[in-house]
Amino acid sequence: MAWLRVASSITKHDAIRKNLYGGRALYCVKRTTTVLPSTCRIRNFHTTVFKSKEQTAPVPRPVPLSKLTDNFLDGTSSVYLEELQRAWEADPNSVDESWDNFFRNFVGQASTSPGISGQTIQESMQLLLLVRAYQVSGHMKAKLDPLGLEERKVPDELDLAFYGFTEADLDREFFLGVWKMSGFLSENRPVQTLRSILTRLEQAYCGSIGYEYMHIPDREKCNWLRDRIETLTRTEYNRERREVIFDRLAWSTLFENFLATKWTSAKRFGLEGGESIIPGMKEMFDRASDLGVESIVMGMAHRGRLNVLGNVVRKPLRQIFCEFSGGEPADEVGLYTGTGDVKYHLGTSYDRPTRGGRRIHLSLLANPSHLEAVNPLIVGKTRAKQYYSNDAGRVRNMGVLIHGDGSFAGQGVVYETLHLSALPNYTTGGSIHIVFNNQVAFTTDPKSGRSSQYCTDVAKALNAPIFHVNGDDVEAVVHVCELAAEWRQTFHSDVVVDLVCYRRFGHNEIDEPSFTQPKMYKVIRNHPSALEIYQKKLLESGELTQEEIDKIHKKVTSILNDEFLASKDYVPKRRDWLSAYWSGFKSPEQISRIRNTGVKPEILKNVGKAITILPENFTPHKAVKRIYEQRSQMVETGEDIDWGFAEALAFSTLIVEGNHVRLSGQDVERGTFSHRHAVVHDQTTAERYCPLDHVIMNQNEEMFTISNSSLSEFGVLGFELGYSMENPNSLVIWEAQFGDFANGAQVIFDNFLSSGESKWLRQTGLVVLLPHGYDGQGPEHSSGRLERFLQMADDHPYTIPEMDPTLRKQIQECNWQIVNVTTPANFTLRKQIQECNWQIVNVTTPANFFHVLRRQIHRDFRKPLIVMSPKNLLRSKVCRSNLSEFDDVQGHPGFDKQGTRFKRLIKDQNNHSDVEGGIRRLVLCSGKVYYELDEQRTKEDAKDVALCRVEQLCPFPYDLVQRELKRYPNAEVVWCQEEPMNMGGYTYILPRLITSMKAVGRGGYEDVKYVGRAPSAATATGFLKVHLKEQAELVQKAIQREPINFPY
């Protein structure tokens, strides 16, 4: 048939094929292939199934037009079109009216629709391809660069001539609505001339906004965007809206000008060149509020941060100006103020009124200079807000992330965070990403900073729409910001706004950018600001007069000057921005009672039974069934409680007390070492069951959350840290698959977890479980890098905490720990554990692990807890505890004069008296090596060797170590570890142990002996025989009869 030849000629045209298939050749489809492989998958259309001759289906029958797929020119189309024409020839009413018109035109009959009598099928198809080309590639022609420096080749597919149209066709009328689609291809669109179609395509896709959305494999989402992009006329704002936009742009611009005038040589990482982001964000938040958002958590780097703080989050301007002047928090003298941080790293929060008359809570998290590192914290904190506000639909709390162009393309944590967005236990219902695109990183041009066309291309992996916008067109910026808010609230998924702007100065205000970008900065020096451009536009349109503009300028400048004068007397209060959930929690200088962590026996029994019962007709794996049967037996007998069950008891008792518990990480549901089995899988139906979801009646389904994470350390640890910062009444835990892998998240440890309280006064009780221990698994599966965490600890190695005698009794009762006193007159109570930046433990008993987890909640302050958790001790028969060590009954093994608590040091288990002069050696150790030492001691019958376990390494238990030194006055003092000398606890323990020994008159450096592996570059050997030999030697040496010669 003639029309079939027309369609075939179009399909075979290479250039059109390139447009349809995103540049990929059709020949990647093999004869035997049934589904297009991922490497060859159609980029811009929905995937089509191809079938071999052997699998050829019957000839398809005519289908309603609404059922047609986008890719109508694929290998099955000719069969479909042929059958469609046969149906039309038999009965014209059996096909859609648009196809009826096509076939009538082709055979020369009169069309039933006016104005398109000369429109052929070929022209219709070519016109559809033209529209599709603008939807796919129109952004390549958009005017995005405010400086006009970017040179981009306009795709051939956007040229009319490419489709055979000429100037003579421009005033011909065409009908486009052949599919059930939105926008230009809507069946409801009127007949238009080619000129008007082309004009509107150019306006929609090639103006100040470049849209990328055709990679999204969802017709509903694409149609939603087409409805808003391909409107009949351009979106215009009325005079009132334009005045508001101008006012907000004036605030943004004049704020930066004011800072530049008052502090000419100060680093402020100003917003000049991208001032339109402020009215854009404000309009975005107003629109989000109208759509139900009540709280927004924001994260951003230093560029423009002060402007966002002052103009968006409403941090008092006088406070910002005071920080520029170097003002100290004078009212907090004598209180804990930490180290502080530079002004462009700080955060704040505020309840901001919106244009619609509502209020929206905004919080901007503090962050370090490490670009993008704050991203996962934002989504974690947002998820926590959704939990605590019962926002199950994820519509009232939203995250907004502001990125740099270089870092968005270059930093891996961006991708890690994006890939959390749709995971069930990490999703927040979508985040809005704003890329502050300077078109240059520090000094690096885009061609050297990324391999892709745009810095935002990474977001396509998440099928997120991307709106590129010229930063000089403030109305376009406002439009896409509002559109982003609408997308997020409609589809609950991520969306990206790429604000293409420039940086008027260098990386900071005292940097010289012309060294590396001379051409760019020659243009920038003469380029008007966005405010000047918009001001000129409003004057020319007559919507604002010069008098009205001057009035706005004067108002803003007057307020800035008033705030500057007020800043001279401003007294900053650094705690003002802390969340209400943290009200009543103690900062390091405030007295805080540490409570007992024992639990009533009947509660232990009840929860123990609840978490060992599986549903009827549930078929667990036989090994898992045996584990649960053993746990049930543990509850009944009160004996032989192992590590996994002790952990479950800690979780369940906290849940009974009303606390939220969340544990995530790689493979945590089962546990890397198959010890946890918190989630059980039915072997017949694959149904999942979590006993800890059923501890109390009507338990909230998220009250206990355990979730296998993506294969990410940086992103997931950051997420859990952000989650833990929202509310202190929660036990939030991240577990590494192996402790060695935690170094993939080193930025989080270094710049947030270890120092966040000192820099920003932000407490967190996050628990980090790092499987650690030398058992012959090689260099990457042995060490949790204990030494790195100890190195970052800030407790003083040469200052022993002392107590004021008048408070000694009270302190002993409360188990408070005190740091050094300067003079009696200026005595200030300090608690060692509250002042230390974090806690590091290497626990050796299930009961002590139970108590250290519960201790995180049962006190009035929060500190991060780093746990070197065991591996082979998880099933060890000797590493067991009795239920009586978990309860609060006086006289039971775990109960001492302070009650039942976590034991920072476990003394020798041979019932030694307060003074044992016959002990020849005191071996201090930590972790699983204790059990090997105890076995060797028993083997050699070395009853004159005492073994003490330092369970809490940091803060160092000076008081308990001194107690043991006094108990064994004649003993040789040995520190024993299984790690190499340059790793493990040795370098941290040594100065503190020497300080303790000097305090009790037991000598100094030469009197502390070391037993362990020699210094090593790698953490462990990769040869099992070598490992066993090394382990045996160090254990034997620690127990040997002869004195230990060290260091010589």
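Which residue of β23 does Arg921 stand opposite? The legends below, which describe a predicted model, begin with the sheet that holds the answer.

**View 1. An open sheet of five strands with mixed pairing.**
The strands follow one another in the order β21-β23-β22-β25-β26. Because β21 (905-906) and β26 (1008-1013) stand at the edges with a single partner strand each, one side of each is left without a neighbour in the sheet. Strand β22 (residues 921-925) and strand β23 (residues 945-950) pair in the parallel sense, and five bridges join them. The residue that Arg921 stands opposite in β23 is Val945.

**View 2. The largest nonpolar core, centred in this view on Leu933.**
This core has 139 residues, and those with the most contacts inside it are Phe749, Ile866 and Leu933. Helix α22 (residues 643-656) supplies the largest share of the core, namely nine residues. When residues up to four places away in sequence are not counted, Leu933 touches Val923, Cys925, Leu947, Cys976, Val1035, Ala1038 and Ile1039. A second core, separate from this one, has 101 residues and includes Leu194, Leu225, Ile320 and Val497.

**View 3. An open sheet of eight strands, with helix α12 packed on it.**
The order of the strands is β3-β9-β10-β8-β7-β4-β6-β5, and their pairing is mixed. At the edges stand β3 (209-212) and β5 (348-353), each with a single partner strand, so one side of each is left without a neighbour in the sheet. From one strand to the next, the twist averages 20°. Strand β8 (residues 431-437) pairs with strand β10 (residues 495-500) in the parallel sense over six bridges, and Asn437 has Val500 in β10 as its bridge partner. Helix α12 (residues 375-388) packs on the sheet and touches β4 (295-300), β6 (359-364), β7 (397-404) and β8. The direction of α12 makes about 175° with that of β7.

**View 4. Helix α5, a mostly covered helix.**
Helix α5 (residues 121-137) has 17 residues and reaches 24 Å from its first C-alpha to its last, which is close to the 24 Å expected at 1.5 Å a residue. Of the 17 residues of α5, 16 are buried.

**View 5. Two aromatic pairs that involve helix α8.**
A pair of aromatic rings is described by the distance of the centres and the angle of the planes. The count for the model comes to 28 aromatic pairs. In one of them, the rings of Phe246 and Tyr534 have their centres 6.4 Å apart and their planes at 35°, so the pair is tilted. Because Phe246 lies in helix α8 (residues 239-262) and Tyr534 in helix α18 (residues 530-541), the pair ties together parts that are 288 residues apart in sequence. Phe246 counts as buried at 0% relative accessibility, and Tyr534 counts as buried at 3% relative accessibility. In another pair, the rings of Phe255 and Phe321 have their centres 6.5 Å apart and their planes at 20°, so this pair is stacked. Phe255 lies in helix α8 and Phe321 in helix α11 (residues 317-324), so the pair ties together parts that are 66 residues apart in sequence. Both Phe255 and Phe321 are buried.

**View 6. An aromatic cluster of Tyr205, Tyr211, Tyr213 and Phe467.**
The aromatic residues Tyr205, Tyr211 and Tyr213 join Phe467 in one cluster.

Notes: Residues are numbered from 1 along each chain as its sequence is written. This is a predicted model: local features need pLDDT of at least 70, side-chain atom pairs count only at pLDDT 80 or more; totals for chains, interfaces and linings use all residues. Side-chain values use heavy atoms; hydrogens and water are left out. A nonpolar core is a set of buried Ala, Val, Leu, Ile, Met, Phe, Trp, Tyr and Cys residues joined through side-chain atoms within 4.5 Å. Buried means under 20% relative accessible area, exposed over 50%, partly exposed in between (1.4 Å probe, protein chains only). Helices (H or I, at least four residues) and strands (E, at least two) are DSSP runs, numbered from the N terminus. Contact means heavy atoms within 4.5 Å. The expected span of a helix is 1.5 Å times one less than its number of residues. Two strands pair if DSSP finds at least two bridges between them. Axes are lines fitted to C-alpha atoms, for helices over the stretch in contact, and angles run from 0 to 180 degrees between N-to-C directions. Rings of Phe, Tyr and Trp (its six-membered ring) pair if their centres lie within 6.5 Å; planes under 30 degrees apart count as stacked, over 60 as edge-to-face and the rest as tilted.
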